[in-house]
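Subject: Structure handover

Hello,

Here is the structure for you to take over. Please open it alongside this message; my notes follow below.

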Amino acid sequence: MRQISYPRRLACLLLRFALKITPPDRTDWARAMLSELEHVEGNWQAMRSAFGGTVILAKHALLSAILPKGIRGPVPLGSESLLADKPLRKSTLAALVSCVVVALLFFLAPGFRQGFQVALVQWQNFIHVTGSDRDPDLDAIARRAENEKDAEALAFVAVRHRNTEESQRLSDEAVRLGPNLTWVYAVVAVHHPEVSEIDSWIQKLQPWDPQNALAHLIVAERIGIDQIERGDIPHRADEESVAWLDAMSGAFQSAKLDCYLDRLKELDRKVLVRYAIHDPYQVFESEAWSGLPSYAVWDSARYAEFLLQQGKVLESKGDRLGASEKYSTVTRFGDLLGPMARFLMRPRTIDAYRRLGEMSQRAGNEEQAVLYFRLAGQLENARRQDYPSLWEEYRRGVVPRWNASAVSVSGLVFLCSAAMGLICITVIFTKNRNLRLSTIRPGRLLSGFGLGSVLGLLFSCVTLYITYHPYAEIFRRYVQDGDESGIPELQVFLRTAQMPLGIRNLFRTDYYVFYFWLGLTVLGIRALIVMVVRQFVNHRRPGPSVAA
Amino acid sequence: VKKLRLSAQTVCLLTQFATRPTVWRYGYELSRETGLKSGTLYPILIRLAKHSMLETKWVVTEDGVPPRHTYRLTAKGAEAAKHLAKETRLPWKARRPALVGGKA
C-alpha cells in the first residue's frame, strides 16, 4: 500500500473541502484538480498546487453565491471571441488629455496655488530633514530689503527668522534705518530670548516706550533662563534674585502691557503687498501667539503670590495702606494681562480683589467693598467659563479642521495621481517604443490606472480649489483691507494643515478615514510596481519562438 | 457577448497547445511546460473550454488511480493558436517551470 505523507494528505483534504463548496457547474474542474494532485511530484509542490486550486474554487463558490447563474453561464463562441488589447482611441486620448489640462489650468488661479502650497506644508518636516533654520523665501526678501534699504521688510524678516544671529542682525539694521521700529527689538527678544544683545536692546526699548511692562517681562524671562541654565532654580518668589524682583516690580508698576501685535499686523500687511507674498504661514505663524514672553504668565503669578503674602503680613501688622497698595498692584496687573491671565494669574487677582473688599468692609467703606466683591465675582464667573470657552473654541474649529484635512488629502491624492500617471505613461512608451497612437495598446490594468490617475488629478484639483477658496478670500481681505473677520478660522485651518495627516484628531473618525486611503494608496503603488517590474522583465528577456 | 481576453498567460498556454495540437494533455503536464501554477492554469483552461477552444475528456490511466482530465485544442482553438503564434511573444513564466519533475 502506498504511504501518503501528511502534506499530501493535507493537500487532498484542502481540495476535497473545496470540492464540497464548488458550484455544480464547476465540479468537474474541481475533480480534475484533485485527480492531478496524485501525479504532482513533491509534497510541497502538491500543497502549493492544492492551495492554488482551492483559492480558485473558493472564488467560483463566492461568485456563484453573489451573481445570478445567467451572468456566469457559458459564453457563445465566435471568431470574434478572441480579444487582444485594443489600441487607444483618439476620443479617449482627447478626453484624458482634456482632464489633465483642466486640472493644470487650476494652477493659473493664485488662490489655488496658495491652497496647493498649504496642502504640501505637512510634508515640509519630512523634506527638510536637516532641520535647517534658514528659509530661502525669507532670505530672498531680506537680500532685496537690504539692497533697497527697506527697514519695514527687514523688520518683517527679523521677527520671522528662525536663525537667532540673522534675526538679531536684521533687527539692528531695521532699527538703524527706521528708529520708529524700535519695538521690533521686543518682538524679536520674545521670539529669541537667547539673543546676546538683549541688554542693549532693553536699554533702547525702555526709554522708547517707558510705560510698557513688556521690556521688564523680557528681562525677568532672561534671568529665569540664566538660572535654569546654571541649575539654580528658586522655588519661591522671595528666593529670587534682586534683579528678577526689580524686573517684576517694574512690570507690575507699568501703566500698560503692549506686545506690539497691532504694529506687527500693520507692518505685515504693508510688506505682504509690497513684496507680493502669498504664503499665509508667513503671517499667521508669528501672529498666532500672544506676544508675551513664554515665562511671563508664570513669572507674573509667582510675583503676584509674593505681593499677596507681603500684603497679608502688612495687614497683620496693621499697615492697611501698605497692604492695600500690594493688593491693588496685583489687581492692576491682572487686569492688564486680561484674557492672557487665565488659569495662573486670575486666581491671584480674584484673591487680591476679595482682600481689598474685606479691608474696605472693615474700614466701613461698604460702597467700595461691594465694588471689589463684584469685580472678584466677575472674574470668578470668567474663570468658570474658561474651560467651557476652550471647548467652545475647539467646537468652532471643527469645520476648519475638516477642511484642512480635505485640502491635505487632496494634495496627497494629486501627488499620487500625478506619480501614477507618469508611471503609466512610462510603461506604455516602454512597451510600445514609439509614439504612434495606433500602436499604443494599454492593457486593462494599465487603462484602469491611467484613468484613475487622470480622474484623481481632476478630482483633487476641484476639491482643493473649492475647499480652500473661502480661506484664500479671508487672507486676501486681511492683506488688502485689514479685515480680521475669519482670521481665527484661518488660523485653526493653517495650524491643522501643518500637522502631518494621521496624527490629527487621534481617535476621531478622520483618523480611520486617513488610514483607509493610505492603505488604498499603498496597495495601488504596490500594484504599479509589480506591473512595471513585469513589463521590464518581459522586454529584457525575449521568449523562445512559439513556432519552434 | 463576453469576449475572451488574451492575457500573456492565456497566449502562453495556447501556443503550448499549438506545439502539439492533436495530442491530449494533462493539467500537470501543461503546468510544467508553461510554468503556470494551478491557481492560474485552471481558470484559463476553464475559460478556453467555455469558449469552445478546448475539448476535454476523462481518461483512466492505471488501476486504483482516479481518472484524469485531459485537454486538447478544438479546430477553432487550433486556428486561434496558429494565428497567435505568428505575432505573440511568450511570457516570462514559460521558461521557468513552476513544478519540477513528476509524471506527466
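Is V101(A) buried, partly exposed or exposed? V101(A) is partly exposed, because its relative accessible area is 42% and the partly exposed class runs between 20% and 50%. The residue sits in helix α5 of chain A, which spans residues 90-105. V101(A) also belongs to a nonpolar surface patch with L93(A), V97(A), L105(A) and L108(A). Together these residues offer about 430 Å² of accessible area. 

One caution before the rest: this is a predicted model.

**Confidence**

The model scores ipTM 0.79 and pTM 0.59. Chain B has an average pLDDT of 77, and 75% of its residues score at least 70. Within chain B, strand β2 (residues 25-26) has the highest confidence, at 92. Strand β1 (residues 4-5) has the lowest, at a mean of 68. Residues 90-104 of chain B have pLDDT below 50. That stretch still makes 49 contacts in the model beyond near neighbours in sequence. Where pLDDT is low, predicted coordinates should not be read in detail.

**Chain A overall**

Chain A has 25 helices and one strand. It counts 548 residues, 45% of them buried. Its accessible surface is about 29300 Å², with 60% belonging to carbon and sulfur atoms. Of the contacts in chain A with a separation of 6 or more, 73% are between residues 24 or more positions apart.

**Salt bridges**

There are 27 salt bridges over all chains. In one of them, R274(A) meets D150(A) at 2.8 Å, N to O. R274(A) is in helix α15 (residues 261-274) and D150(A) is in the loop between α8 and α9, so the pair ties together parts 124 residues apart in sequence. R274(A) is partly exposed at 37% relative accessibility. D150(A) is buried at 10%. Both belong to a salt-bridge network that also links E152(A), E266(A) and K270(A).

K265(A) and E484(A) form another salt bridge, at 3.3 Å, N to O. This pair links distant parts of the chain, 219 residues apart: K265(A) in helix α15, E484(A) in the loop between α23 and α24. K265(A) is buried, with a relative accessible area of 18%. E484(A) is partly exposed, at 37%.

R477(A) and D483(A) also meet in a salt bridge, at 3.1 Å, N to O. R477(A) is partly exposed at 26%. D483(A) is partly exposed at 26% as well.

**Aromatic residues**

The count comes to 19 aromatic pairs over all chains. The rings of F107(A) and F116(A) have centres 5.1 Å apart and planes at 75°, so this pair is edge-to-face. F107(A) is partly exposed at 22% relative accessibility, while F116(A) is buried at 14%. Both are in one aromatic cluster with F106(A), F112(A), F414(A) and Y465(A).

How are the rings of W183(A) and Y260(A) arranged, and how many Å separate them centre to centre? The pair is tilted, with 6.2 Å centre to centre and 40° between the planes. W183(A) is in helix α11 and Y260(A) is in the loop between α14 and α15, 77 residues apart. W183(A) is buried at 3% relative accessibility. Y260(A) is buried at 2%.

**A buried glutamine**

Q168(A) is in helix α10 (residues 164-177) of chain A. Q168(A) counts as buried because its relative accessibility is 12%, below the 20% cut-off. Leaving out residues up to four places away in sequence, Q168(A) touches V195(A), S196(A), E197(A) and W201(A).

**Helix α2 of chain B**

Helix α2 (residues 27-34) of chain B is mostly covered, with six of its eight residues buried. Those residues are G27(B), Y28(B), E29(B), L30(B), S31(B) and T34(B). They pack against α2 (27-37) of chain A. Within chain B they pack against α1, β2, α3 and β4. Just after the helix, G35(B) takes a positive phi of about 80°.

Best wishes

Definitions and conventions. Residues numbered from 1 in each chain as written. Chains lettered and ligands numbered in written order. Predicted model: local features only at pLDDT ≥ 70, side-chain atom pairs only at ≥ 80, totals over all residues. Heavy atoms only, no water. Helix = DSSP H or I, 4+ residues; strand = E, 2+ residues; numbered from the N terminus. Buried < 20%, exposed > 50% of the residue type's maximum accessible area, 1.4 Å probe, protein only. Contact = heavy atoms within 4.5 Å. Patch = residues over 30% accessible without salt bridge, like charges linked within 9 Å, V, L, I, M, F, W, Y side chains within 5 Å. Areas by Shrake-Rupley, 256 points an atom, 1.4 Å probe, with all protein chains shown as cover. Salt bridge = Lys/Arg side-chain N within 4 Å of Asp/Glu carboxyl O. pLDDT = per-residue confidence, 0-100. Phe/Tyr/Trp six-rings, centres within 6.5 Å; stacked < 30°, edge-to-face > 60°.
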